[in-house]
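Biologist: I have a new structure to look at, and I would like to learn how its labels are earned. Could you take me through the reasoning step by step?

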Amino acid sequence: MGTEDITAASPDTAGQETRDDEIVTWWGLVIEGYHVTQERLMSEIGERFGLTPGAFDILLRLVRSPECRMPMTKLAKEAALSSGGFTKVADRLAAADLIRRQPCDTDRRVTYVALTDHGRVTAESAKHACAEILRRTVLGPLGPEASEQLAAAMRTLRTANAEE
């Protein structure tokens with residue numbers, strides 16, 4: 001390997017630092033944009049429906065599930081809550097008559113969480129409000145094409161970086 005080959009293969013440290021700063025700044029902007037948008041979304045959902053982010057997430061997952069119900073352990077895992085954290089949220093939702101626990105007919109170890117009628121109405125209303133807020137806070141500023149590209153990019157990152 002000649003000297004020119006070694007030089008060509010050596011990283012330009014000043015250029016690399018600039019690229020490092022750019023990519024770190026870019027990622028910081030992604031995170032900041034997400035946080036302020038999510039805070040605005042959840043603030044409005046909280047004001048309109050009295051739901052915490054965790055409660056809203058659970059209701060949204062249930063209303064989009066077959067028969068508006070899921071096994072408790074699966075729902076807790078998908079909502080990224082510990083069993084104790086999930087139990088606290090579920091207890092509050094049950095006390096508000098939004099969900100009920102149902103034993104499984106075929107496996108006594110499984111308990112389902114299902115929306116009540118009131119929970120289904122609340123979840124549907126909150127889902128529609130969420131879509132309206134996202135139209136205003138994401139689709140409005142970005143437009144349809146950039147919004148679709150953002151969703152595709154996030155789906156790619158989720159798949160590429162998900163734990164196996």
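Biologist: Why is aspartate 97 called partly exposed?

Modeller: Happy to help, and please keep in mind that this is a predicted model. Aspartate 97 has a relative accessible area of 44%. Buried means under 20% and exposed means over 50%, so a residue with 44% is partly exposed. You will find aspartate 97 in the loop between α5 and β2.

Biologist: What makes the phi of aspartate 97 worth pointing out?

Modeller: Its sign. Most residues other than glycine have a negative phi. Aspartate 97 is not a glycine, yet its phi is positive, about 60°. Glutamate 67 also has a positive phi of about 60° without being a glycine.

Biologist: Is glutamate 67 buried or exposed, and how do you know?

Modeller: The relative accessible area of glutamate 67 is 64%. The cut-off for exposed is over 50%, so glutamate 67 is exposed. This residue sits in the loop between α3 and β1.

Biologist: Why does glutamate 44 count as buried?

Modeller: Glutamate 44 has 16% relative accessibility. Buried means under 20%, so the label fits. Glutamate 44 belongs to helix α2.

Biologist: What makes the pairing of the side chains of glutamate 44 and arginine 136 a polar contact?

Modeller: The distance given for these two side chains is 2.8 Å. A polar contact needs a pair of N or O atoms within 3.5 Å, one able to donate a hydrogen and the other to accept it. The pair is listed as a polar contact, and 2.8 Å is within that limit.

Biologist: How do you know that helix α6 does not run straight from end to end?

Modeller: Compare two distances. Helix α6 covers residues 117-161, and a straight helix of its 45 residues would reach 66 Å at 1.5 Å a residue. The end C-alpha atoms of α6 are only 38 Å apart. There is also a kink of about 115° at glycine 143, shortly before proline 144.

Biologist: Why is alanine 126 called buried?

Modeller: Alanine 126 has 0% relative accessibility, and buried means under 20%, so that label is easy to follow. Alanine 126 is part of helix α6. Other buried residues of α6 include Gly119, Cys130, Ile133 and Ser147. Alanine 126 and proline 144 are 18 residues apart in sequence, with 22 Å between their C-alpha atoms.

Biologist: What makes the lining of the largest pocket mainly nonpolar?

Modeller: Count the residue classes. The lining has 36 residues, and they divide into 24 nonpolar, 5 polar and 7 charged. Tyr34, Gln38, Leu134, Leu150 and Met154 lie nearest the centre of the pocket. The largest share of the lining, 18 residues, comes from α6. The pocket holds about 1700 Å³ of space.

Biologist: Now two more labels, please. Why does proline 103 count as exposed?

Modeller: Proline 103 has 63% relative accessibility. Exposed means over 50%, so proline 103 qualifies. Proline 103 is in strand β2, and its C-alpha atom is 9.4 Å from that of proline 71, 32 residues away in sequence.

Biologist: And why is valine 110 called partly exposed?

Modeller: Valine 110 has 23% relative accessibility. Buried would require a value under 20% and exposed one over 50%, so valine 110 counts as partly exposed. Look for valine 110 in the loop between β2 and β3.

Methods: Residues are numbered from 1 along each chain as its sequence is written. This is a predicted model: local features need pLDDT of at least 70, side-chain atom pairs count only at pLDDT 80 or more; totals for chains, interfaces and linings use all residues. Side-chain values use heavy atoms; hydrogens and water are left out. Helices (H or I, at least four residues) and strands (E, at least two) are DSSP runs, numbered from the N terminus. The expected span of a helix is 1.5 Å times one less than its number of residues. The bend at a residue is the angle between axes fitted to the seven residues ending there and the seven starting there. Buried means under 20% relative accessible area, exposed over 50%, partly exposed in between (1.4 Å probe, protein chains only). On a 1 Å grid over the protein atoms alone, a cavity is a set of points where a 1.4 Å probe fits but cannot get out, and a pocket is an open set with protein on both sides within 12 Å along at least five of seven lines; lining residues have an atom within 4 Å of a point. Grid points are joined across faces, edges and corners, and a volume is the space filled by probe spheres set on the points. Ala, Val, Leu, Ile, Met, Phe, Trp, Tyr, Cys and Pro count as nonpolar, Asp, Glu, Lys and Arg as charged, and the others, Gly among them, as polar.
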